[in-house]
Amino acid sequence: MRPFNYIEAKTKQQALAAVQEQEHAKYLGGGTNLVDLMKEDVERPEALIKVADLDNDTITSNAVGGLTLGAARSNAATANHPEVRKQYPLLSMAMLSAATAQIRNMATNGGNLLQRTRCPYFFETSMPCNKREPGSGCGALDGANAQHAIFGWSKSCVATHPSDMCVALAALEATVTVQTPDGSERTIDFSDFHRLPGKQPELDNTLEPGELITAIELPKPQFTQHYHYLKIRERSSYAFAILSVAAGLKVRGGVVTDVGLAMGGVAHKPWKLTAAEDYLIGKEPTTKNFEEAAQLALADARTLEHNAYKVPMGIKAIVRTLEQAYSKEA
Amino acid sequence: MNLNTSKGTGNPIDRVEGKLKVTGMAKYASEFKVKNLVYAQGINSTIAKGRITAIDTAEAEAQPGVLAVITYKNAERLAQYDKDLHPLSTTSIQPVLQSDQVHYYGEYVGLVVAETFEQAQYAARLVKYTYAQETPDIDFEASKGKAYTPTEQSDYSRGNVAEGLAEADVTLDETYVTPIEHHHPMELHAIIGSWNGGNVQAYASQQMIDNAATTIADTFQIDKKNVRVMSPYVGGGFGSKLAAKQHVILALMASKAINRPVQLTVSRNQMFTNTNLRQRNEQRIKIGAKSDGTLTALSHDTLSHTSTYEQYQEACGTVTKMLYKTPNNSVTHRLMPMNLQSPFAMRAPGEATGSFALESAMDEMAFKLNMDPIAFRIKNDTQVDPSNGKPFSSRLLNECLRLGAKEFGWENRPQKPASKSEGNWLVGYGVSAASRRAPYMKTSAKVILELKNDAVWATLQMDATDIGTGSYTILAQTVSEYLDIPVEQVDVELGDSEYPVTPGSGGSWGAASFANGARAACEQALKDLKDKAGETAATTTVALMKAAQLSTLEAEGTAEPDEEYKAHSVFSFGANFTEVWVDKDTGVFRIKRMLNVASCGKILNPKTAFGQIIGGCVMGAGMAIAERTEVEPNFGNFITRSFADYHVPVNLDMANIDVVYLPEEDKIANKMGIKGIGELGITSVAASIANAVFNATGKRMRDLPLTPEKIFVKKEEAA
C-alpha cells in the first residue's frame, strides 16, 4: 500500500475542513471497498478522512413521513432496524442479500452508494480501463464481458454498478442529502445520483469534489405488502449479482396503483425500469401483464459479445420478481 | 463420556492439537519468531509472453528500509533443467529469476527485500519493467494444433474399442469440460528461510518435508544434509504444497544475498499465478453397450494444457481403466503448451476431473438405455482390476450404491427428467460412483518412551505433516493403541526433516502410511523392551519398562507394502447421491441434500474422517457449481483474482451432507486395514450434481462449473 495521511473526523465540519486541506483526499466509511482498492493500487488517495464515526449514524423520521437513514449507519444496522423492516421491507431485503454479515457490519450507507465497479479490468492495474485511468481504453468492450452492462454503456466503459441497496433505493425513489465544502446542503434525486459512463467513466456519480453524503431520505412508507428483491448470482451469499430486480407494487381494487421497479447488474447505475412501471399502472397484476412490462423493460437493451443471456434472463427475472411481490403476504 | 480418555484407534476423540489451533498457539510457517527477520515481496510480470528489455530499480532501492532488489540481472545462478519441457514432479528443481524471458502473466520477475513487510510491498510497486511483448498462446481452441504426447506417456489400451463400439446396441460420444481451477488452501504459501552460511533452515508450509528438502538442495546444488525443513502445521495444501515452489527458492536466495532470515508470503492474488493450478481439460468419452446394459467399449481421451517449459499431465483417464468391466478400453492424454503457468496435482488429480466425465457419461448412457443408473453400474461391476488383472483388495462399490439408494430414498427419484416440481423449483436426484487409489508407502517413525510417575509417556517423531486432516490425532491414537497407554500420554511431533522420513501428506496415502509407520515403531519398542527384560511375566508397557529397568527407550520402525499389497489393486470406493432444486425460469439452483457412502478401510477417528469426506463433498460441489479461473482473452491474465471472483461454495449452498462409512478393514491394503479417504470425498461429486440437474431439468451439463447463466441458456435434451 502507498503511504497516506489518516484523519479521524469527529464532526462534519472537521471532515469538510480536512477534505479541503489535504491533497487528493477521500472520505473513509467502513473501508470495505476503498481499502481493498488501495491494496490493489487502484485507488491511490494521499489522505483518508474517516467519516464512519460522525453522529449521522441514526435512523429517524423525516418531514415527509418517511425515514432518514444516516450515512454513517452500518448496512447491517440499517437493514435490521425495526422501522426499516416495517416501512421499507424491499430495502431491507435487498440490503441483506448483499455481501456477507461481516461486510454488512462494516459497510456504511454512504459508502454503499459510492461502491466502485467489480469489472476485472478496473481491478487489474496493468489492464486498460478508462474508469481507472482515463484514456487508457476499455479492456472489457472486446474482452471478457459476460458480467457487463446491457443498458446505457458507452465505448469508453461497459462496467456495472455492484450495489444491491442502490437498486432498492432506485425503486423507492429515495433522495441523497449532501453537505458541500462551503457548508451548505443540497439534495440529489436518487436517479440523478449515479451517472452513465459517457466519455467520463471515471466519474461514477454527480458528487462535486469534497462533497460529503450525510443521509438518504426515504419517501413515505412504500410497498409494505407487495415487494420482492431477486438476486441471481453464482452462489447463495457473498457474490455480486449477475443481475437483480427490485419490485414493489401497490394494488387497489384489483389494479396496480403504484409500482417501483429497478434492475441491478445491468448498467453503470441502478437501472430504473420507467417504461415497465408506466405500463403497469392501472393494469391488473397478472403474469401476462408482467411479461409485457418485462419485454418493455428490456426493449432498449444493447448486448456485448458475451452477455446476451442477460436479456432473456432479465425478462424472466422481472416477471418472477413481480409475481413474487404480488403473491407475498404482508 | 470423556472421549479423550479413550485408547486406540476407531474412537471419535477430539483433535489433540485442536486447542492449540483455536487459541492461536499452533505456529504456521510465517509465524515463527526468528531474530533479524526481514521481509520479501515477489514482483509479477504484466505480460504473458516476451522478454524484459529494461528494469529500473532506482526508485525502489532508494526507499527507506529496502535492502535488496533482486532480478534476473543480479540473481544467483541456480540449477537448470537439462531439457526443454521438463516433466514436473514433487522433487523438481525450481529455478527462478534466471533469464529475461517471460512465459506467462504473473511469472516472478523480481523480488524486493526490506526491513518491514509494508516497505517491501510498497517498493515492489516502484520497480519498473519494460518488455518486448509477443503474442501469447492463451486460447485453448487455437492451441489444439500443438498437442503432443507427454514424455512420460500414459496411453493405455486393451481389446479394441472400435470393434466394441461396433458390437454395441447403444453408443455415446460426448466431450466434458472442466475449467482452470486453483488449489487455494486457507493458509497462504509462506516461508521463513535462513541461508545461515549454507546450513539452510526453512519454516515452510509444505505437505512433503523430505521432497521440499530435495528441491531446495538440488536447486541450489548443495548437500541435502545441510537443509532442514520444518512444517509443523499446514493450513491446507490440496496439492499445491506437495512440492516446494519458486517462492521457497526466492526467500533462500534473498537470505543468502543479504545474510539475514527472510520471510516471504505468497499473496492471495499470487496464489493464482505462482503456486500452480489445475488446467482446463477436455475429456472425450465413448461408450458402447448392449441393450441389457453390458458394456462393450469404453474410451477416454483427455486434452490438457501445460506451460511452455514444463510438462504436467493429470491422469484423468485412470478411472476409466479400472472402474467397470469392459473388454475394450483405451485411454490417452495429450498436452498443449500455452502461456500459462504449469499445472500441478490438485484435489484428487485424475479422479476428480476424470470421474466427472466418466460418471456423467455413465448417467447419460443409463438414460439412453432406459436403465436405472445404479443398476447400470452394478451390471458392469468387476472384482478384478481390468487394467492389470489384479484382484481388488476389497471393493464394496455395489454395497455403497445399494445402501446409499436405501438411505437416500432413491425410489422417490423422478423417473423422467423435468417431471417433479415444488413451486417454481424443478427437483432432481443424481448418483455417481467414486473410486480413488489407496496407496500405502514406506514410512519410518521413532518413538521415545519415558517412565514417569509409574506411567509410560510416549513421544512419536516423524517428518509427516498434518495438513489440517487430523494426522496428529490419529497418530496419537495409534501409539496409544499399540503401546496400550492413554492417548493423553502420547505426544506427537511432526513436520521436521530431522525426524524419520515419511512420504508426506498427499495422494490419500498419509493415514495408512503414517499410522503403519507409527505402529512399526511401537512394535519395535515393545520388542526391544521384551529383549531387554529377558524372562518376565510382564505384559504391559509399564511393567516391561520396569522389568527391563529402563526409564527411557528409543526405537525406530519402518513399515512398507508387502507382497500381498503388490499382488492386489488397492482402492477406496464410494457413492455420492445429490438432490438439487433448479429454478424453472432463472437457472438458479440449490443443492438440497447430499449423501456420501464410503468404503475405505478402517476408520481411525470417525470425527476427523467425517470432516474429511464432508470437506471433499464441499470441494466437489465447488468444482460443480462455482470454481473456475478465467483467462482474459486478449492479455492472458486471470480475471478471477481474489476470493470475491473465484467462488467457492458458502454454507448456504451446501445444505445437508450425510456421510455413511461401510465397516471394512482391508488387511491386504496394510496390517492396520487402513485406506485413504482424503480424496475419495471429492471424487465424482460434480457428476452426481450434474446428473441431478439433468434429472431435474432435462438439461445435460457437460461444461463445469454449472452457473445460473449456463443452465439458463442450455436447451433441454431429454425427450
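Q: Domain bounds come from an automatic or database domain assignment. What domains does that give for chain B?
A: In this predicted model, chain B is assigned domain 1 (35-135 + 192-266), domain 2 (281-439 + 567-713) and domain 3 (441-560).

Q: How far apart are the centres of domain 1 and domain 2 of chain B?
A: Taken over C-alpha atoms, the centres of domain 1 of chain B and domain 2 of chain B are separated by 37 Å. Their contact takes 15 residues from domain 1 of chain B and 18 residues from domain 2 of chain B.

Q: And what classes of residue are on the domain 1 side of that contact?
A: The side of domain 1 of chain B that touches domain 2 of chain B has eight nonpolar, five polar and two charged residues.

Q: Before going further, what scores does the model have?
A: The model scores ipTM 0.96 and pTM 0.97. For chain B, the average pLDDT is 96, and 99% of the residues score at least 70.

Q: Switching to chain A, what are its domains?
A: Chain A is divided into domain 1, residues 5-52, and domain 2, residues 226-327. The C-alpha centres of domain 1 of chain A and domain 2 of chain A are 36 Å apart.

Q: What does UniProt annotate in chain A?
A: An unreviewed UniProt entry carries the annotation "domain: FAD-binding PCMH-type", which covers residues 1-223 of chain A. In the model, the end C-alpha atoms of residues 1-223 of chain A lie 45 Å apart, and the span is 28% helix and 16% strand.

Q: Which residues of chain B have a UniProt annotation?
A: Residues 23-135 of chain B are covered by the annotation "domain: Aldehyde oxidase/xanthine dehydrogenase a/b hammerhead", again from an unreviewed UniProt entry. Residues 23-135 of chain B are 11% helix and 32% strand, with end C-alpha atoms 51 Å apart.

Q: How many residues does the contact take from chain A and from chain B?
A: The contact takes 23 residues from chain A and 29 residues from chain B. On the side of chain A that touches chain B, helix H8 (120-123) and helix H13 (310-327) of chain A each supply at least two residues.

Q: Which of these gives the most?
A: H13(A) gives the most to the side of chain A that touches chain B, with four residues. By class, the residues of that side of chain A are twelve nonpolar, four polar and seven charged.

Q: Where does Arg195(A) lie, then?
A: Arg195(A) is in the loop between helix H10 (190-193) and strand E8 (212-217) of chain A. Leaving aside neighbours within four places in sequence, Arg195(A) is in contact with Leu203(A), Asn205(A), Thr206(A) and Lys269(A). The C-alpha atoms of Arg195(A) and Ala267(A) are 9.7 Å apart, although these residues are 72 places apart along the chain.

Q: Why does Arg195(A) count as partly exposed?
A: Arg195(A) has 16 other C-beta atoms within 10 Å, so it counts as partly exposed; the buried class begins at 20 and the exposed class ends at 12.

Q: Back to chain B: what do the helices H13 and H16 span?
A: Helix H16 of chain B, residues 606-625, has 20 residues and reaches 28 Å from its first C-alpha to its last, close to the 28 Å expected at 1.5 Å a residue. Helix H13 of chain B, residues 510-533, has 24 residues that should span 34 Å, and its end C-alpha atoms are 34 Å apart, so the two values agree.

Q: How many residues of H16(B) are buried?
A: H16(B) is mostly covered, with 15 of its 20 residues buried.

Q: What comes just after H13(B)?
A: Gly534(B) follows H13(B) and takes a positive phi of about 65 degrees.

Q: Which residues other than glycine have a positive phi?
A: Among them are Asn196(B), with a phi of about 60 degrees, and Asn276(B), with a phi near 70 degrees. Asn196(B) is in the loop between strand E10 (190-194) and strand E11 (200-204) of chain B. Asn276(B) is in the loop between helix H7 (270-273) and strand E14 (281-289) of chain B.

Q: Is Asn276(B) buried or exposed?
A: Asn276(B) is buried, because 25 other C-beta atoms lie within 10 Å. Asn196(B) has 17 C-beta neighbours inside 10 Å and therefore counts as partly exposed.

Q: Last one: which residues does a cis peptide bond join?
A: A cis peptide bond joins Leu704(B) and Pro705(B), with omega about -5 degrees. Pro705(B) is in the loop between helix H18 (685-697) and helix H19 (708-713) of chain B.

Note on methods: Residues numbered from 1 in each chain as written. Chains lettered and ligands numbered in written order. Predicted model: local features only at pLDDT ≥ 70, side-chain atom pairs only at ≥ 80, totals over all residues. Contact = placed C-beta atoms within 7 Å. Nonpolar A, V, L, I, M, F, W, Y, C, P; charged D, E, K, R; others polar. UniProt positions renumbered as here; feature names shortened; annotations may be inferred. Expected span 1.5 Å × (residues − 1). pLDDT = per-residue confidence, 0-100.
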